[in-house]
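This report describes a structure for a reader who is beginning to study proteins. Please keep the sequence and the model in view while reading.

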Amino acid sequence: MCLACFFNEAVEAEDTPSESVDGGSARVFSRAGPLPLPCEFAGYRLLREIASGGMGVVYEAEDSELKRTVALKMIRLAAFARQDEITRFRAEAEMAAQLEHPNIVPIHDVGESDGIPFFTMRLVAGMSLAQRLSEAGEPLSPHEAAIIMVKTARAVQHAHARGVLHRDLKPGNILLDERGEPHLTDFGLAKLLDDDSMLTRTTAQLGTPHYMSPEQAAGRVRQITTASDVWALGVLLHQLLTLRLPFTGESSAEIMRQVTDASPVALDLRGMNADLATLVQRCLEKEPSKRPPSAGFLADELERWQNGGTILSRPVDAWERGFRWVRRNKALAAAVALTASGLVVGSGVALWQRQQAVAARDQARRELKDAEAVTGLMVEMLKVFDDQHGGPVTTKDEIVTEFLKQVEAFEGDPRRQIALITSTGTLLEQEDNSRCYERAVEIAQRTLPPDDPQIWYLRWRAASTKPGSYNRDGRLIPELRTVYEWHRDHLGLDDPQTIRAMESLARRLVVTGGEVEALGLLEKVRAVMEQRPEDPPVSRVKFDNIYMQALFRNGRHEEALSFGRTNCRRAVHEINPEVSHETARFCHMLAKVSHEFGQTAEAVRHLRQALDIYWKFEGPANPGAMEVLSYLLALEEALHDDAGLLATQRDALRAFDMALGPSRSETQQQVAKYAQTLVELGRVAEADALFTQWLDRLRGGDGTLVPQAAKLEQLLAEHLKATGR
Amino acid sequence: MWSVVVNAHAVDESVALQALERMARAYWQPLYVFLRQRGSPHDEASDAVQGFFEHLLRREVLQHVTRRETRFRTFLLTCFTRWLSNQRRDAHALRRGGGAVMLPIHELPVEELPADVLAEQLYDRKWARTLFDLALRRLDEEIEAREERRDFFQELRRRVCGPLSGSPQWDEVAGPFGMSIVAVRKAAHDMRLRFATLLRHEVRRVVGSDADVDGELRHLAALLAG
């Protein structure tokens with residue numbers, strides 16, 4: 001017995017993950033008895049070994065009966081599998097054998113011989129995508145990558161719709177035929193025996209961790225769903241576009257740590273097309289529910305991109321980015337936060353200059369003290385983000401509360417305190433948070449002379465940024481009126497700030513029964529706006545929207561509609577991505593006006609436009625988008641526009657899926673509604689398939705339904721009952 | 001296990017001591033053959049190992065283990081030789097600590113000690129053999145725990161890593177179990193692979209990190225081949 005051989009084999013048994021394009025594949029055992037080829041096995045003549053990897057060995061084999069050449073795969077370690085695992089493997093393989101898709105390598109035969117499970121599949125002449133990448137030595141063009149990804153994602157979607165997960169998507173499992181067409185292989189099979197086999201626990205048998213989703217890396221087998229395959233598609237897209245893997249490391253453990261912890265915004269996507277980068281980031285969301293809802297959705301997105309259209313996925317948004325970024329880099333965040341509040345840098349420079357002048361020394365000392373206090377405050381603030389100090393806080397609200405608490409501790413120049421508070425909004429993407437302004441008003445009123453313009457500016461901000469539903473015991477209109485009058489009397493009627501205050505007052509009046517007065521004020525605003533169109537004191541889109549509403553509420557319906565049509569068209573044409581939601585709101589409001597005027601079909605058009613804008617710039621999960629969506633569904637139902645309704649319901653389903661995920665009852669209700677419309681159109685089989693598909697998305701790794709599927713099961717039961725089954 | 005010991009400062013000391021004891025119990029034999037190869041007679045060698053064993057399980061020793069000790073194998077030998085020379089310097093006769101026999105040390109006949117091999121090399125070889133035996137015991141446990149085809153796997157085990165592994169006659173297995181030779185070979189292949197994994201597990205227990213496993217295996221393989 002050669003003891004040294006056993007030790008050498010133990011070295012070989014380890015698949016040290018490499019940075020190679022295939023992510024490394026387990027080396028073949030050189031000594032431990034490869035089969036003497038050719039040889040007979042289960043009615044096949046094994047001719048030569050084509051490939052071997054962590055999960056098994058593939059042979060070119062001749063089907064002795066049918067005289068055709070096939071690829072036969074034996075699962076590694078199969079001889080050590082338990083009977084129940086073999087049974088499960090067979091069941092799963094038979095399911096995978098049902099898959100018929102042009103981009104899936106068809107499985108011919110699933111069997112077991114002397115306790116060794118195997119399956120045969122079509123022999124694809126060509127090379128694997130892994131080989132292609134390593135031979136080319138350079139990334140695919142974005143266009144080429146998109147073509148392969150669309151087909152691959154569609155194939156994955158096809159399988160998902162039939163309850164089959166792939167679990168091991170990687171370039172080595174995508175074969176390219178002579179025409180370069182991708183063919184997916186190893187559906188749901190290779191990893192299956194591996195998942196909870198008692199025997200396989202080393203990295204070698206776990207396979208390459210580069211494509212593993214966080215839920216897989218964490219070994220949460222039951223949480224592995226279609227979203228885990230979507231993750232792997234994201235890794236694949238990243239790799240095709242850059243030749244690099246998004247998460248790398250010296251060891252499997254390190255890679256798995258990266259997969260679990262590294263934020264998608266930390267990915268180096270420089271040079272990547274922005275939309276494709278967004279898709280990569282979205283696929284690589286840690287939280288499965290935040291990823292694209294399905295592989296099919298990803299394929300749709302890629303096709304939209306290929307056709308020069310706009311993708312629906314929004315970039316990992318500024319808020320998320322800011323928040324993650326702050327957590328990632330506290331020191332840098334502190335620096336920016338200080339700059340943002342316009343204090344330390346400015347006063348620091350001034351300080352150095354002034355220090356030269358003895359006369360200004362006292363002032364300099366005060367500034368220094370302030371600067372120190374601000375720095376201390378920011379450090380305290382940033383601890384909020386720090387896990388080590390009991391953080392992190394997770395919601396915007398919590399951050400604002402914490403920030404305001406910290407500002408309380410500041411005892412420097414009140415103007416700085418106010419500036420700090422008002423800049424919080426900008427820093428935290430919290431522009432319309434009136435809490436900050438209210439607090440600033442309190443400080444200003446306590447410390448500044450009553451006619452200081454800053455007090456009045458802050459009072460205007462606080463009052464005008466109150467949410468629409470807020471009315472503070474009817475004191476909001478009087479407050480807005482006081483603010484407007486102060487500006488008018490102190491700064492003059494033409495001052496931009498007076499115009500803004502006037503518009504804010506009118507805006508509230510329109511919706512609280514003061515439409516006559518509102519229209520009068522708005523006419524004045526309009527006159528000023530027309531005088532200087534290049535530098536309007538208030539946003540043109542916001543103004544046009546409220547002016548249209550004021551006209552309508554004053555009974556000037558046709559005028560309102562005509563004004564709205566002209567200006568909404570212009571607003572959409574000149575859309576500014578920074579304030580796109582204002583344009584979307586304008587379309588939404590124009591739809592309401594058209595609807596009330598009896599123009600339901602036109603209203604539907606405007607709503608679709610609003611929805612497009614929301615989805616393009618804000619994402620389907622935006623509350624405004626959801627509101628438009630439910631309005632649109634109601635109108636289409638009323639119009640009996642079945643085709644339109646069906647399309648919208650499909651969109652709605654997607655939106656709910658992205659916003660809430662498949663396990664929420666709201667999403668499941670949407671599934672049922674969509675199915676109901678299908679039934680009404682006589683498309684019962686599609687409705688059935690829809691339920692199956694969504695139920696499959698609620699299955700754990702072992703195929704059983706998760707508890708959240710109860711509602712959908714109940715809805716399915718109702719559906720079956722309603723269709724007489 | 002070794003990770004636990006080198007991180008003793010981070011874990012409960014008694015946990016680290018327990019780990020050390022379990023490991024020392026598994027690996028005392030290499031120390032014994034080391035001394036025998038250096039010429040000590042059985043009684044002296046077994047007393048020394050016994051005495052060292054007690055010494056090893058003191059908390060002070062634990063405090064001397066640093067995180068730089070990546071391998072239990074080298075640590076154990078270094079520690080042992082240092083202890084031996086201290087014993088001699090202090091002019092004490094090698095003696096058993098508390099007198100209680102803790103390790104079942106059987107006499108190794110002199111004839112079985114190879115000529116022309118350094119004591120350190122023999123220590124490493126015995127170490128490799130111990131690792132191998134531990135992995136083999138695991139494999140046997142797994143086979144014993146099987147509910148199906150236990151006989152087949154036991155037969156296979158004799159030929160894969162047992163007495164018949166030199167020239168396994170697969171047809172002798174295939175016939176009685178009604179299996180094809182290909183299936184038997186495949187099963188044998190799987191078993192070797194499984195054994196390789198178990199061996200890795202054993203090695204992992206006596207080195208400080210995942211990264212050290214391959215190095216240790218290569219060292220032992222080279223030593224055994226040479």
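How many helices and how many strands are there in chain A? Chain A has 31 helices and nine strands. Helices (H or I, at least four residues) and strands (E, at least two) are DSSP runs, numbered from the N terminus. The model is predicted, so local features need pLDDT of at least 70 and side-chain atom pairs count only at pLDDT 80 or more, while totals for chains, interfaces and linings use all residues. Residues are numbered from 1 along each chain as its sequence is written, and chains are lettered from A and ligands numbered from 1 in the order in which they are written.

**The two chains**

Chain B has 11 helices and zero strands. Two further terms are needed for the table. A residue is buried if 20 or more other C-beta atoms lie within 10 Å of its own, exposed if 12 or fewer, and partly exposed in between, with C-beta atoms placed from the backbone. Two residues are in contact if their C-beta atoms, placed from the backbone, lie within 7 Å. The last column gives the share of contacts with a separation of 6 or more that join residues 24 or more positions apart.

| Chain | Residues | Buried | Contacts 24 or more positions apart, among those with a separation of 6 or more |
|---|---|---|---|
| Chain A | 725 residues | 45% | 61% |
| Chain B | 226 residues | 32% | 70% |

**The nonpolar core**

A nonpolar core is a set of buried Ala, Val, Leu, Ile, Met, Phe, Trp, Tyr and Cys residues joined through C-beta atoms within 7 Å. The largest such core has 217 residues, and those with the most contacts inside it include A:Met149, A:Leu233 and B:Leu199. Helix 10 (residues 181-205) of chain B gives the most to this core, with 12 residues. From chain B, the core also draws at least three residues from each of domain 1 (1-113) and domain 2 (115-226); these bounds come from an automatic or database domain assignment. Neighbours within four places in sequence aside, the contacts of A:Leu233 include A:Met149, A:Cys283 and A:Leu298. In soluble globular proteins, nonpolar side chains tend to be buried together.

**Strands of chain A**

Two strands pair if DSSP finds at least two bridges between them. Strand 6 (residues 116-122) of chain A is mostly covered, with six of its seven residues buried. Strand 4 (residues 68-75) of chain A runs antiparallel to strand 6 and is joined to it by five bridges, in which A:Met74 has A:Phe118 as its partner. Six bridges link strand 5 (residues 107-113) of chain A to strand 6, again in antiparallel fashion. Here A:Glu112 is partnered with A:Pro117, and A:Asp109 with A:Thr120. Strands 5 and 6 of chain A form a hairpin with two residues between them, and A:Asp114 in the turn has a positive phi of about 50 degrees.

Which strands of chain A form an open sheet of three? Its order is 7-8-9, and the pairing is antiparallel. Strand 7 (127-128) and strand 9 (182-184) of chain A each have a single partner strand and stand at the edges, so one side of each is left without a neighbour in the sheet. Two bridges join strand 7 to strand 8 (residues 174-176) of chain A, and A:Ser128 has A:Leu175 as its bridge partner. Helix 4 (residues 142-161) of chain A packs on this sheet, touching strands 8 and 9, and its direction makes about 25 degrees with that of strand 9. Such angles run from 0 to 180 degrees between N-to-C directions, with axes fitted as lines to C-alpha atoms, for helices over the stretch in contact.

**Helix 26 of chain A**

The expected span of a helix is 1.5 Å times one less than its number of residues. For the 18 residues of helix 26 (residues 600-617) of chain A this gives 26 Å, which agrees with the 26 Å between its end C-alpha atoms. Its buried residues include A:Leu607, A:Ile613 and A:Trp615. The buried residues of this helix pack against helix 24 (557-573), helix 25 (580-596), helix 27 (623-639) and helix 28 (642-660) of chain A. Just after helix 26, A:Gly619 takes a positive phi of about 95 degrees.

**A residue of chain B**

B:Thr130 lies in helix 7 (residues 119-144) of chain B. This residue counts as partly exposed because it has 18 C-beta neighbours inside 10 Å. B:Thr130 and B:Gln29 are 101 residues apart in sequence, yet their C-alpha atoms are 8.0 Å apart in space.
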